[in-house]
Amino acid sequence: MSSLSTHTPVHPAAGAEIAADAEASTDAGNASTAVSSADLSFAEGLRYVTTQDAPVTPWEAGHTPSLAELREHFGPIFDRIATGASAREAHRVLPFVEIAELNRAGFTVLRVPTEYGGPGVSFTDWVQLLIDLAAADPNIAHQYRSHAGFVETLRYQDEQTRQYWYAKVLAGDVVGNASTEIGGNALNTLNTTLAVQADGTGVLNGAKYYCTGTAYATHTRVSATLLDADGTPTEGRQFAVVSTRAPGVELEDDWNGFGQSLTGTGTTRFTDVKVAPEHILNRVPGSAEAQFEAPLFQLVLLAVLAGIARNAVNDAATGVRRRTRSFNTGLGVPHSEDPQILGVVGRLSAQAFVVESAVVEAARRLEAAAGVLSLEQPVGTDTGAGTDTDTDAATSAAATDAQRLLTEAELAVERAHVTVPSIVTSICSDLFLTGGASNTSREKNLDRHWRNAQTVATHNPIVFRERIIGDYLVNGTVPEGLNAIGEVRRAS
């Protein structure tokens, strides 16, 4: 049967500090008693967040809400989330209740197309809303990264798969991630295996780490090596989408990074997990799905960084506004009137503006590329011989245009990854120039901004991004990633 580790006991002080969050949340099902994330063990939290009613949005079917409408709907929820964010992080309280409220309010269904019953929110508007959420709590925004990737790549699956999974998302299913292995797999290979039986069902075995969002999800998408009929590994990889509460699935809350500690980024183990045929998704190297997902995943991280920057600037301005003390080396006026201090706050705000502008522009470019990608045809590939030369030429031209737009979008994301992390970590450090030693108080917890930003930034080594951009500009090399992170093994 499935099993879960026990969540670390909550510090007694945490209960009072996040009481405001509990008032805005109700227990699963029809119970009316308030529940706080601080009251839930890890097992109880997973049960709570995965047994909620289906998402409900205030918009009529077929209506795509504007960004203003989205902010009006989700703004009050974001405000409640922000109220307890620092205390939750200080005392390591996983935000099960807060995530459940967002799910019920429809945050997980925003990108489901209108033709499948969803709101069909534009990708760029969704990214801007994600920045708003990250400003409230970057842990919660980050843990949606996996679900966002799953929903986006459904657009490049076959019609039957789209209908099946969009319906499940609209019914409340949320999908986490289980891709990375730290158990000695070689670069571009996976030790996790999926053995498909004669009836089309699969059996999944393996272990994954960095399973962001899985602790809050009904399902997790597992990358695996496909075994053929005689058990021989095949090239490439498949995805198995399995229930987080299925027999043979074991979740551990063992992520120990110094930042983003509440993202549900722990270990997940799979032992003889049965996988239904409709839960096995093909991944074709070079396909539109494969090429689109890579920059999408990185863009979500950039949105989280932009939210952290905005929050840090807000904390800087609030601290200066409230501070009455000054230094004997100052001008003898309150911080709120000191031109040097005001200049620091202004500079931090300008830097945060540049960060957010870069992220939104990258989102626009990725959305433009998505608008012309073919669901069936890998971009930039030959369509094969045909009888209609004009049709073949038009199809080939469309594929070339799609490849160009996708390359431009990916390079935009790469460029942002080179610049945004350093700017945001600088903002989070220079925040301390706006106050005195009291800003290092654990009660203020201002160092969380830098810790969170640095943790997000290290997901993607910047030096590799710099090389990718330079290689494209100098040699015309189109960015291309491998199937899986792993160990480099040299020939003896």
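In the predicted model, the contact between helix 4 and helix 6 involves Leu67, Leu70, Arg71, Phe74, Phe78, Ile81, Ala82 and Ala85 on the helix 4 side, which meet Asp125, Gln128, Leu129, Asp132, Leu133 and Ala136 of helix 6. Classified by residue type, this contact comprises 10 nonpolar, one polar and three charged residues. The charged members are Arg71 from helix 4 together with Asp125 and Asp132 from helix 6, while Gln128 of helix 6 is the polar residue.

The two elements span residues 67–90 (helix 4) and residues 123–136 (helix 6), and they pack with their axes 8 Å apart at an angle of about 20°. Because angles under 35 degrees count as roughly parallel, helix 4 and helix 6 are assigned to that category. The handedness of the crossing between helix 4 and helix 6 is right-handed.

A second site of interest is centred on Arg283, a residue of strand 9, which covers residues 280–283. The relative accessible area of Arg283 is 5%, and this residue is therefore classed as buried, the cut-off being under 20%. Two polar contacts are formed by the Arg283 side chain with acidic side chains: one of 3.2 Å to that of Glu289, and one of 2.9 Å to that of Glu293. With residues up to four places away in sequence left out of the count, Arg283 touches Thr153, Arg221, Arg237, Gln238, Phe239, Glu289, Ala290 and Glu293. The surroundings of Arg283 thus include both of its glutamate partners, Glu289 and Glu293, as well as two further arginines, Arg221 and Arg237.

Notes: Residues are numbered from 1 along each chain as its sequence is written. This is a predicted model: local features need pLDDT of at least 70, side-chain atom pairs count only at pLDDT 80 or more; totals for chains, interfaces and linings use all residues. Side-chain values use heavy atoms; hydrogens and water are left out. Axes are lines fitted to C-alpha atoms, for helices over the stretch in contact, and angles run from 0 to 180 degrees between N-to-C directions. Helices (H or I, at least four residues) and strands (E, at least two) are DSSP runs, numbered from the N terminus. Angles under 35 degrees count as roughly parallel, over 145 as roughly antiparallel, 65 to 115 as roughly perpendicular and the rest as oblique. A crossing is left-handed if the near helix is turned anticlockwise from the far one by less than a right angle, and right-handed if clockwise. Contact means heavy atoms within 4.5 Å. Buried means under 20% relative accessible area, exposed over 50%, partly exposed in between (1.4 Å probe, protein chains only). A polar contact is a pair of N or O atoms within 3.5 Å; within protein, one must be able to donate a hydrogen and the other to accept it, and residues adjacent in sequence count only if both atoms are side-chain atoms.
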